[in-house]
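Student: I would like to learn how to read a protein model step by step. Could you take me through one, giving the general idea before each case?

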Amino acid sequence: MISAIVFFIAGFLLGHLMPRVPFMVLCRTSGFNKGFPPHPEPIPLTPRLTQRVLHMRWFHRLGTYTTVLPLLFGYLSILGGQSTFGYGLFLAGGWTLLSRAQALLGGSPVACTLEMAQRLQLVMNIADSEDACCPHPQPQWWTETVRCESCSKKLENMLRPDLGRPRKDGFFRGWLRLWLSDGHPMVLPDDGKN
Ligand SMILES: [Zn+2]
């Protein structure tokens, strides 16, 4: 009985982690993060940052496709006799798939969106134009807003999601945080004051 529970939990954990590997592991390498300041420092707005937002969006998508793996392995395990392990895998994969599908139907959006990249681009365009906030605008993305480094003006109210940089809170705590948040920002949006 106990071994069945252990197998079920192991299957469930594995099935839950598999779709999250692309965005939790693949993008954390130092080579992929060259040119970005270390987490959690603000990131200057550059085409590279816009590209990163789009990359992260792609990693999340890839994760959704990867959900096929726990479903498939779960099914094979059930057929092959290791049914509790298989049920765990199957259940976790199905759960992930449903939560992602709900986002497509207008629920909570994925952490990095196309709209986010477009808004960053817009801020960069304004900084390059005559409407810039100051003579030497340096827009940077802080945890809660985009601000100009030179004049401190708030340029855009946008929470910064996880952008794939190695986290300062270490491997395990960082992992746990990412697992719980799915890359979404873990601060509450401010109410438009200041
Ligand atoms: Zn400025």
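**Reading the model, feature by feature**

Tutor: Let us begin with the order of elements, bearing in mind that this is a predicted model: read along the sequence, the protein follows the pattern α-α-β-α-α-α-α-β-β-β-α, which comprises seven helices and four strands.

Student: What does the C-alpha trace span along its principal axes, and what percentage of the residues is buried?

Tutor: The C-alpha trace spans about 70 × 35 × 30 Å along those axes, and of the 194 residues in the protein, 26% are buried. If you look at contacts with a separation of 6 or more, 65% of them are between residues 24 or more positions apart.

Student: How should I read two helices that pack together, and at what angle do the axes of H3 and H6 cross?

Tutor: In general, two packed helices are described by the angle between their axes and the distance between the axes. Here the axes of helix H3 (residues 47–66) and helix H6 (residues 114–128) come within 9 Å and cross at roughly 180 degrees, and therefore H3 and H6 are roughly antiparallel to each other. On the H3 side the contact is made by Leu 49, Thr 50, Val 53, Leu 54 and Arg 57, and on the H6 side by Leu 114, Met 116, Ala 117, Leu 120 and Gln 121. Sorted by character, the residues of this contact are seven nonpolar, two polar and one charged.

Student: Which residues touch the most other members of the largest nonpolar core?

Tutor: The general idea is that in soluble globular proteins, nonpolar side chains tend to be buried together. In this model the largest nonpolar core has 20 residues, and those that touch the most other members are Leu 45, Leu 49, Val 53, Met 56, Cys 112, Leu 120 and Trp 141. Helix H2 (21–24), H3, H6 and strand E3 (146–148) each supply at least two residues of this core. Another core, of six residues, lies apart from it, and Phe 73, Leu 89, Phe 90 and Ala 92 are among its members.

Student: If I take Leu 120 as an example, which residues does it touch?

Tutor: Leaving aside residues up to four places away in sequence, Leu 120 touches Leu 45, Leu 49, Thr 50 and Val 53.

Student: Which backbone features should I look for, and where is there a cis peptide bond?

Tutor: As a rule, most residues other than glycine have a negative phi, and most peptide bonds are trans. In this model a cis peptide bond joins His 39 and Pro 40, with omega about 5 degrees, and Pro 40 lies in the loop between H2 and strand E1 (43–44). Ser 152, which is not a glycine, has a positive phi of about 65 degrees, and its place is in the loop between E3 and strand E4 (154–156). Asp 182 also has a positive phi, near 60 degrees, and is found in the segment after helix H7 (171–181).

Student: Are Ser 152 and Asp 182 buried or exposed?

Tutor: Ser 152 counts as exposed because it has 9 C-beta neighbours inside 10 Å, whereas Asp 182 counts as buried because it has 20.

Student: Where is Val 25 found, and how does it count when neighbours are tallied?

Tutor: Val 25 is found in the loop between H2 and E1, and it counts as partly exposed because it has 13 C-beta neighbours inside 10 Å. The C-alpha atoms of Val 25 and His 55 are separated by 14 Å, and these two residues are 30 residues apart along the chain.

Conventions
Residues are numbered from 1 along each chain as its sequence is written. This is a predicted model: local features need pLDDT of at least 70, side-chain atom pairs count only at pLDDT 80 or more; totals for chains, interfaces and linings use all residues. Axes are lines fitted to C-alpha atoms, for helices over the stretch in contact, and angles run from 0 to 180 degrees between N-to-C directions. Angles under 35 degrees count as roughly parallel, over 145 as roughly antiparallel, 65 to 115 as roughly perpendicular and the rest as oblique. Two residues are in contact if their C-beta atoms, placed from the backbone, lie within 7 Å. Ala, Val, Leu, Ile, Met, Phe, Trp, Tyr, Cys and Pro count as nonpolar, Asp, Glu, Lys and Arg as charged, and the others, Gly among them, as polar. A residue is buried if 20 or more other C-beta atoms lie within 10 Å of its own, exposed if 12 or fewer, and partly exposed in between; C-beta atoms are placed from the backbone. A nonpolar core is a set of buried Ala, Val, Leu, Ile, Met, Phe, Trp, Tyr and Cys residues joined through C-beta atoms within 7 Å.
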